[in-house]
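Please read the sequence and the model shown here side by side, following one chain and then the other before turning to the place where they meet.

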Amino acid sequence: MTDEPLLRVAALSKFYGSRVGCDNVSFDLWPGEVLAVVGESGSGKTTLLNCLSTRLLPSSGTASYRMRDGQFRELYRMSEAERRFLMRTDWGFVHQNPADGLRMTVSAGANVGERLMAVGDRHYGRIRATAVDWLSRVEIDEDRIDDEPRAFSGGMRQRLQIARNLVTGPRLVFMDEPTGGLDVSVQARLLDLLRGLVTDLGLAAIVVTHDLAVARLLSQRMMVMKDGRVVESGLTDRVLDDPRAPYTQLLVSSILQV
Amino acid sequence: MTDIATYNFAYLDEQTKRMIRRAILKGIAIPGYQVPFASREMPMPYGWGTGGVQVTASIIGPDDVLKVIDQGADDTTNAVSIRAFFKKVANVAVTTDTASATIIQTRHRIPEHPLTAAQVLVYQVPIPEPLRFLEPRETETRKMHALEEYGLMHVKLYEDIAKHGRIATTYAYPVKVEGRYVMDPSPTPKFDNPKMHRSPALQLFGAGREKRIYAVPPFTEVVSLDFEDHPFEVQTFDQPCALCAAENVYLDEVILDDHGGHMFVCSDTDHCEKRRADGHRGHLAPESHLASGTREPAQ
């Protein structure tokens with residue numbers, strides 16, 4: 001562990017014309033830390049995530065990322081080539097819909113291997129061995145390696161997407177509703193897997209979710225958003241057990257009790 | 001055959017030729033880079049060589065000698081028509097002899113006879129974008145070229161090995177030009193890829209429908225992509241040409257009857273005819289008309 005954050009976000013805002021995407025968001029993210037961003041639909045969670053992952057450019061504000069050499073780099077001042085390189089080496093992005101993050105027409109093995117080939121690995125045997133290893137880590141049978149993700153169930157696709165993102169050993173992973181659209185038993189296994197991987201690899205992650213249970217399980221820290229603004233942030237357990245902002249209280253009390 | 005008054009020299013107007021020459025110059029300056037150009041309607045359908053014809057029309061002069069091949073052959077419809085076209089609109093000399101041609105327009109083969117620095121090879125290209133079937137968005141493929149993100153190209157080769165145990169791509173085999181741009185060598189068999197490497201002849205590529213021109217200047221590095229443990233290999237044939245007994249050339253399979261009879265013959269007809277004229281005999285070569293070759297001489 002280090003005493004310097006991995007990502008520093010200061011006064012980040014994104015406006016769509018006169019509409020607010022997210023407004024004046026600031027936080028630090030430390031290595032190995034999982035931060036959950038929760039809130040209802042339209043609260044600006046995904047806009048924030050897209051800005052942080054440089055898929056969108058913010059209207060104002062800054063975000064600096066500590067590169068592997070220890071130097072902080074301002075994300076929005078990097079060249080597109082550098083950002084894309086960061087995106088496929090040091091970062092991962094897990095989409096809610098696996099079809100957005102996978103290449104549906106190439107095999108599972110090639111999906112996992114693509115990042116390795118993108119950073120210059122040119123040894124088929126080695127790429128394949130790494131792919132096999134990663135498929136087993138996300139609990140996909142080795143004999144499915146040459147199948148296309150089209151032939152996979154939703155849960156398998158999501159696990160494949162995770163393997164594809166983690167194969168280059170990223171330090172920061174963005175997740176947009178990683179368990180959305182999965183049934184509860186599959187969700188539980190996926191969460192279990194994610195928790196294991198995050199701990200084993202010491203990943204930092206920013207997880208956007210509307211599901212407070214997911215946030216509780218995965219994250220150490222939490223930000224609650226409403227209308228593009230952060231209304232409350234703090235340790236996950238504290239926010240969920242002792243919500244202070246009226247909106248957070250509403251959110252927590254809206255959880256269905258079974 | 002000197003009456004060309006109804007057409008400008010070589011069919012295209014001078015402004016168009018100038019525009020295309022600019023695209024060609026840019027292409028030569030950035031080897032392997034696809035230069036957009038304002039492709040014109042030609043008196044032939046897309047897919048029949050409109051790109052190649054426009055490039056040829058822009059570089060041809062009255063003293064040039066033109067050869068046109070289609071899948072290696074001088075005597076197929078496309079080759080014969082394009083040759084007749086330029087004879088009519090530019091009144092240039094035409095030939096089927098590789099060595100005496102100054103411009104060779106080709107569809108999907110590089111002649112077996114080595115080319116020289118005095119020759120230009122013009123390729124007809126259907127789909128210039130090597131990444132097209134992996135990434136359908138043009139905006140994205142352009143960005144990938146610009147940022148030199150070519151990992152995806154290897155994904156295709158990986159898929160080949162995973163499915164077939166070897167790289168099964170046999171034509172349009174992607175190459176890297178001068179260590180920078182990944183380029184589609186047009187659907188030539190990969191057998192011809194090594195001939196592009198450090199070729200003394202200028203190689204120009206025209207894609208009429210897709211409106212792109214690209215080029216490989218003489219003596220440019222052209223390297224076929226591969227894996228360390230699955231290196232690039234060209235096709236090999238078990239038997240020599242059935243007509244001229246040539247080995248180490250690209251062969252076409254010709255079906256002889258309805259009972260599975262077939263033979264393999266040179267795809268480069270000029271090469272085959274020359275060898276037979278020199279007295280080489282394959283095991284299926286007819287005994288008669290020895291010196292003249294069996295195929296109709298092209299016009």
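A good place to begin in this predicted model is the hairpin that β1(A) and β2(A) form, in which two residues lie between the strands and Gly17(A), in the turn, has a positive phi of about 65°. The two strands of this hairpin, β1(A) and β2(A), run antiparallel and are joined by seven bridges, and one pairing that can be picked out by eye is that of Phe15(A), whose bridge partner in β2(A) is Val20(A).

From the hairpin one can move outward to the sheet that contains it. Four strands make up an open sheet in chain A, in the order β2-β1-β4-β5 and with antiparallel pairing. Its edges are β2 (19–29) and β5 (72–74) of chain A, each of which pairs on one side only, and neighbouring strands of the sheet are turned against each other by 20° on average, direction ignored. Towards the β5(A) edge, strand β4 of chain A, residues 60–66, pairs with β5(A) in the antiparallel sense over three bridges, and here Ser64(A) has Glu74(A) in β5(A) as its bridge partner. Helix α1 of chain A, residues 45–52, lies across β1 (7–16) and β2 of the same chain and runs at about 120° to β1(A).

Chain A also has a helix in which a salt bridge can be traced within the element itself. Arg137(A) and Asp133(A) both belong to helix α5 of chain A and are four residues apart, about one turn of the helix; their side chains form a salt bridge in which the closest N and O atoms are 3.8 Å apart. This pair is set in a structure that holds 44 salt bridges over all chains.

Turning to chain B, the reader will find an open sheet of seven strands in the order β1-β9-β8-β5-β4-β2-β3, this time with mixed pairing. The strands at the edges are β1 (35–36) and β3 (93–94) of chain B, each pairing on one side only. Within the sheet, strand β8 (residues 202–207) and strand β9 (residues 212–216) of chain B run antiparallel and are joined by five bridges, with Gln203(B) standing opposite Val216(B) in β9(B). Helix α2 of chain B, residues 50–59, lies across β2 (65–70), β4 (103–107), β5 (120–124), β8 and β9 of chain B, and its direction is at about 150° to β5(B).

With both chains in view, the last step is the interface. The contact draws 23 residues from chain A and 21 residues from chain B, and the area buried between the two chains is about 1900 Å², of which carbon and sulfur atoms give 57%. On the chain A side, Arg84(A), Arg122(A) and Tyr124(A) supply 38% of the area that this chain buries against chain B, more than any other three residues.

Which residue of chain B meets Arg84(A) in a salt bridge? The partner is Glu140(B), at 2.9 Å from N to O, and across the interface of chain A and chain B there are six salt bridges together with twelve residue pairs in polar contact. Helices α2 (80–89), α4 (108–118) and α5 (124–137) of chain A each supply at least two residues of the side that touches chain B, and by class that side has eight nonpolar, five polar and ten charged residues.

Notes
Residues are numbered from 1 along each chain as its sequence is written. Chains are lettered from A and ligands numbered from 1 in the order in which they are written. This is a predicted model: local features need pLDDT of at least 70, side-chain atom pairs count only at pLDDT 80 or more; totals for chains, interfaces and linings use all residues. Side-chain values use heavy atoms; hydrogens and water are left out. Contact means heavy atoms within 4.5 Å. Buried area is the accessible area (1.4 Å probe) that two parts lose on being put together, summed over both. A salt bridge is a side-chain nitrogen of Lys or Arg within 4 Å of a carboxyl oxygen of Asp or Glu. A polar contact is a pair of N or O atoms within 3.5 Å; within protein, one must be able to donate a hydrogen and the other to accept it, and residues adjacent in sequence count only if both atoms are side-chain atoms. Ala, Val, Leu, Ile, Met, Phe, Trp, Tyr, Cys and Pro count as nonpolar, Asp, Glu, Lys and Arg as charged, and the others, Gly among them, as polar. Two strands pair if DSSP finds at least two bridges between them. Axes are lines fitted to C-alpha atoms, for helices over the stretch in contact, and angles run from 0 to 180 degrees between N-to-C directions.
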